[in-house]
Amino acid sequence: VQLQASGGGLVQAGDSLRVACAASGRTSSTLVMGWFRQAPGKEREFVAFTTWSGSSTYYADSVKGRFTISADNAKNTVYLQMNSLKPEDTAVYYCATAPHIATVPRIYEYWGQGTLVTVSS
């Protein structure tokens with residue numbers, strides 16, 4: 001499975017941004033797509049996950065109500081819509097696949113290269 005993240009950029013606090021993760025290869029072996037982020041000097045942290053069917057989604061408390069994860073099966077792409085962005089959302093955002101729902105990075109098997117989101121105050 002190969003993952004290609006895109007859509008990062010520089011925005012101001014309060015703005016919106018959508019990042020995308022295109023999956024290719026043996027995607028039938030993956031059940032869950034997740035987003036993680038890593039800020040400078042910090043550990044990688046869970047942001048959100050969704051099943052490809054969309055039947056199950058889950059968010060970290062820090063983004064709940066502001067971020068929305070969605071999957072487009074026809075395009076093998078998962079999106080993370082980020083609204084009301086804050087400077088503390090600044091990080092490299094990574095997408096990853098897992099065989100079952102999970103919020104810990106070690107369960108996720110394949111990772112994208114990351115896309116940088118910078119939120120200025």
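In this predicted model, E45 counts as partly exposed, because its relative accessibility is 34% and the partly exposed class runs between 20% and 50%. The residue belongs to strand β5. Apart from neighbours within four places in sequence, E45 is in contact with F36 and R37. Y94 is 49 residues away from E45 in sequence, yet the two C-alpha atoms are 9.8 Å apart in space.

Y94 also takes part in a charge–ring arrangement. The charged end of R44 sits over the Y94 ring, at 3.9 Å from the ring centre. That charged end sits over the ring of W111 as well, here 4.8 Å from the centre.

W111 leads on to the aromatic residues of the model. Across the whole structure, seven aromatic pairs are found. The pair of F36 and Y108 is edge-to-face, because the ring centres are 4.9 Å apart and the planes stand at 80 degrees, where an angle over 60 degrees is required. Distant parts of the chain are linked by this pair: F36 lies in strand β4 (residues 32–38), whereas Y108 lies in the loop between β9 (91–98) and β10 (110–111), 72 residues apart. Ring pairs also join F36 and Y108 with F46, F49, Y58 and W111 into a cluster.

Both partners of the edge-to-face pair are shielded. F36 is buried, with a relative accessible area of 0%, and Y108 counts as buried at 5% relative accessibility; the limit for this class is under 20%. The surroundings of Y108 can be listed in full. Leaving aside neighbours within four places in sequence, Y108 is in contact with V32, G34 and F36, with F46 and F49, and with A96, T97, A98 and A102.

Y108 also has a place in the largest nonpolar core, which holds 37 residues. The members that touch the most others are W35, V47, F67, L80, M82, Y93 and Y108. Two or more core residues come from each of β1, β3 (17–24), β4, β5 (45–51), β7, β8, β9 and β11 (115–120). The largest share is that of β9, which gives five residues.

Several of these elements meet again in an open sheet. Four strands make up this sheet, in the order β1-β3-β8-β7, and the pairing is antiparallel. β1 (2–6) and β7 (67–72) stand at the edges; each has a single partner strand, so one side of each is left without a neighbour in the sheet. On average, neighbouring strands of the sheet are turned by 15 degrees against each other, direction ignored.

The pairings at the two edges can be followed residue by residue. β1 and β3 are joined in the antiparallel sense over five bridges, and S6 has A20 in β3 as its bridge partner. At the other edge, β7 pairs with β8 (residues 77–82), also in the antiparallel sense, over six bridges. Here A71 has V78 in β8 as its bridge partner.

The edge strand β1 has two contrasting faces. Side chains in a regular strand alternate between the two faces of the sheet. In β1, L3 and A5 make up the covered face, while Q2, Q4 and S6 make up the uncovered one. S6 thus appears twice in this picture: on the uncovered face of β1, and as the bridge partner of A20 in β3.

Note on methods. Residues numbered from 1 in each chain as written. Predicted model: local features only at pLDDT ≥ 70, side-chain atom pairs only at ≥ 80, totals over all residues. Heavy atoms only, no water. Pairing = 2+ DSSP bridges. Axes fitted to C-alpha atoms, helices over the stretch in contact; angles between N-to-C directions. Phe/Tyr/Trp six-rings, centres within 6.5 Å; stacked < 30°, edge-to-face > 60°. Buried < 20%, exposed > 50% of the residue type's maximum accessible area, 1.4 Å probe, protein only. Lys NZ or Arg CZ within 6 Å of the ring centre and 35° of its normal. Core = buried A, V, L, I, M, F, W, Y, C linked by side-chain atoms within 4.5 Å. Contact = heavy atoms within 4.5 Å.
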